[in-house]
Amino acid sequence: MAKAGDRVRFLNSTGGGVITRIEGKTAYVEDEDGFESPILLKDIVVVLPAGLEISKVDAVKMFNQAAFDEGRKVPRPEKEKEAPEPSPSPLEKVEETIHGDVPEIILAFEPEDAKRLGVTKFAAVLVNDSNYFLHFTFLRRNENERAWNLVYEGTAAPNELIDMAVLTHQDLPDYEKIAFQCVAFKKDKTFSLLPPVNVTRKLDLTKFHKFHCFRPGRYFDNPVLEFPVVRSGEVVVQNEIDVKFLEESLANGRVDKGAAAELSKKYRTDLGKKDKKPRISESPFKKLPLIEVDLHIAELTDSTVGMEPKDMLEMQLSEVRKTMEAHKRRTGQKIVFIHGKGEGVLRKAVLDLLKKEYPKADLQDASFREYGFGATLVTI
């Protein structure tokens with residue numbers, strides 16, 4: 001029960017004060033400025049009973065937090081800002097190819113130094129030549145194991161090459177059998193449903209020591225050992241036979257038609273038959289459209305509050321590095337980095353990074369008609 005001398009707070013309005021007297025169901029409350037107001041008892045709450053001391057500063061805090069903070073010179077914490085919606089990265093934009101709705105999926109082993117097969121390392125590479133995203137797993141086991149080991153899992157973007165593992169010769173015995181599984185889908189658009197892929201391959205590890213088994217392919221200028229998984233939209237059913245090599249051998253007369261027919265029955269390769277769909281001999285990556293990356297800081301972040309010039313430059317160079325890493329294996333791919341003219345600081349930093357980290361890339365000024373002096377063209 002409230003009584004005279006209690007410090008109270010109003011329930012239905014801002015403010016409060018000290019009760020000076022109570023008449024019936026009404027309390028008379030005196031505020032800090034000495035004004036007395038009649039308030040119903042049911043509309044007040046006691047915050048400090050009579051007889052207890054409270055400092056003036058604390059009283060101010062109770063009824064006027066802003067005034068208290070200002071008096072103490074302590075800034076109030078700002079309301080946590082909502083994270084801005086991330087702006088779409090140039091890498092997230094899917095550029096579809098004409099033939100990409102008929103997937104081609106390749107597993108390849110690329111030697112670091114093809115001239116030293118006895119000691120070199122090998123990169124296990126996935127090639128996704130399609131307009132689909134692939135959520136996939138790459139597994140391995142040796143002859144003595146019954147269960148599989150996960151080597152790599154992830155999502156491959158359309159027309160992307162992914163380095164899944166680096167193998168030494170000591171690692172090769174653990175890869176006597178490999179498996180690849182994936183499901184295909186598209187983002188933010190309708191698409192034709194493709195069946196899941198689940199294939200296993202038994203590797204002939206002696207091929208990793210034979211130079212003639214490594215050849216440049218549709219997707220590699222360097223010699224590689226390729227294992228097609230999906231060709232012209234169909235899962236390739238084969239064991240250790242290299243269908244493409246046999247097709248070429250048949251065409252060049254190195255394998256007679258009788259032997260080819262036997263191989264066709266054994267491995268279901270349909271050697272000697274014409275493809276129902278036209279094959280594209282060139283690397284599809286050379287047909288991808290030009291990629292433009294705008295490095296102006298306003299295109300990379302919604303706010304530069306609290307950022308130093310060096311922080312902005314690092315963000316811009318990080319975008320260059322991310323773009324190059326995503327496309328560095330696409331021979332012939334052209335990328336334009338728009339850095340603007342300005343004082344030339346960003347342009348110099350971009351060129352220094354490209355020359356140091358990607359020395360094989362071809363650099364030149366982009367089209368003056370389209371970009372003026374403010375862009376650099378990179379050809380992978």
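**Strands, cores and a small sheet**

Strands β13 and β14 run antiparallel and are joined by two bridges. Helices (H or I, at least four residues) and strands (E, at least two) are taken as DSSP runs numbered from the N terminus, and two strands count as paired if DSSP finds at least two bridges between them. The model is a predicted one: local features need pLDDT of at least 70 and side-chain atom pairs count only at pLDDT 80 or more, while totals for chains, interfaces and linings use all residues. Residues are numbered from 1 along each chain as its sequence is written, and side-chain values use heavy atoms, with hydrogens and water left out.

Back at the hairpin, R231 has E234 of β14 as its bridge partner. Two residues sit between the strands of this hairpin, and S232 takes a positive phi near 50 degrees there. Most residues other than glycine have a negative phi. S232 is not a glycine, yet its phi is positive. With a relative accessible area of 23%, S232 is partly exposed; here buried means under 20% relative accessible area, exposed over 50%, and partly exposed in between (1.4 Å probe, protein chains only). D188 is another non-glycine residue with a positive phi, about 60 degrees. D188 lies in the loop between β11 and β12, and its relative accessible area of 84% makes it exposed.

On its other pairing, β13 meets β6 in the antiparallel sense over five bridges, with F227 of β13 as the bridge partner of L107. Seven of the seven residues of β13 are buried, so this strand is largely enclosed by the rest of the structure. Much the same goes for β8: eight of its nine residues are buried, so β8 too is largely enclosed by the rest of the structure. Strand β8 pairs with β11 in the antiparallel sense over nine bridges, and L139 stands opposite A179 of β11. There is also an antiparallel pairing between β8 and β9 (residues 149-156), over seven bridges, where F136 faces G154 of β9.

Many of these strands turn up again in the largest nonpolar core, which gets two or more residues from each of β6 (104-111), β7 (122-129), β8 (133-141), β10 (160-167), β11 (177-185), β12 (197-202) and β13 (225-231). A nonpolar core is a set of buried Ala, Val, Leu, Ile, Met, Phe, Trp, Tyr and Cys residues joined through side-chain atoms within 4.5 Å. This core has 33 residues, of which L107, F109, F180 and F208 touch the most other members. F208 is a good place to look: leaving out residues up to four places away in sequence, F208 touches F109, L117, F122, H169, L172, L203, F214 and L225. Contact here means heavy atoms within 4.5 Å. A second, separate core has 17 residues, including I291, L295, I335 and A361.

Next comes a sheet of four strands, which is open, of mixed pairing, and ordered β15-β16-β18-β17. At its edges are β15 (291-294) and β17 (362-365), each pairing on one side only. From one strand to the next, the twist averages 20 degrees. Within the sheet, β16 (residues 334-338) and β18 (residues 375-379) pair in the antiparallel sense over five bridges, and V336 stands opposite L377 of β18.

Two helices pack on these strands. Helix α6 (residues 309-327) touches β15, β16 and β18, and its direction makes about 175 degrees with that of β16. Axes are lines fitted to C-alpha atoms, for helices over the stretch in contact, and angles run from 0 to 180 degrees between N-to-C directions. Helix α7 (residues 345-357) lies across β16, β17 and β18, at about 160 degrees to β17. The buried residues of α7 are L346, A349, V350, L351, L353 and L354, and they pack against α6, β16, β17 and β18. The end C-alpha atoms of α7 are 18 Å apart, which agrees with the 18 Å its 13 residues should span; the expected span is 1.5 Å times one less than the number of residues.

As for the whole protein, there are eight helices and 18 strands. Of its 380 residues, 39% count as buried. Among contacts between residues at least 6 apart in sequence, 63% join residues at least 24 apart. The structure holds zero disulfides, a disulfide being a pair of cysteine sulfur atoms within 2.5 Å. C182 is buried at a relative accessible area of 5%, and C213 counts as buried at 12%.
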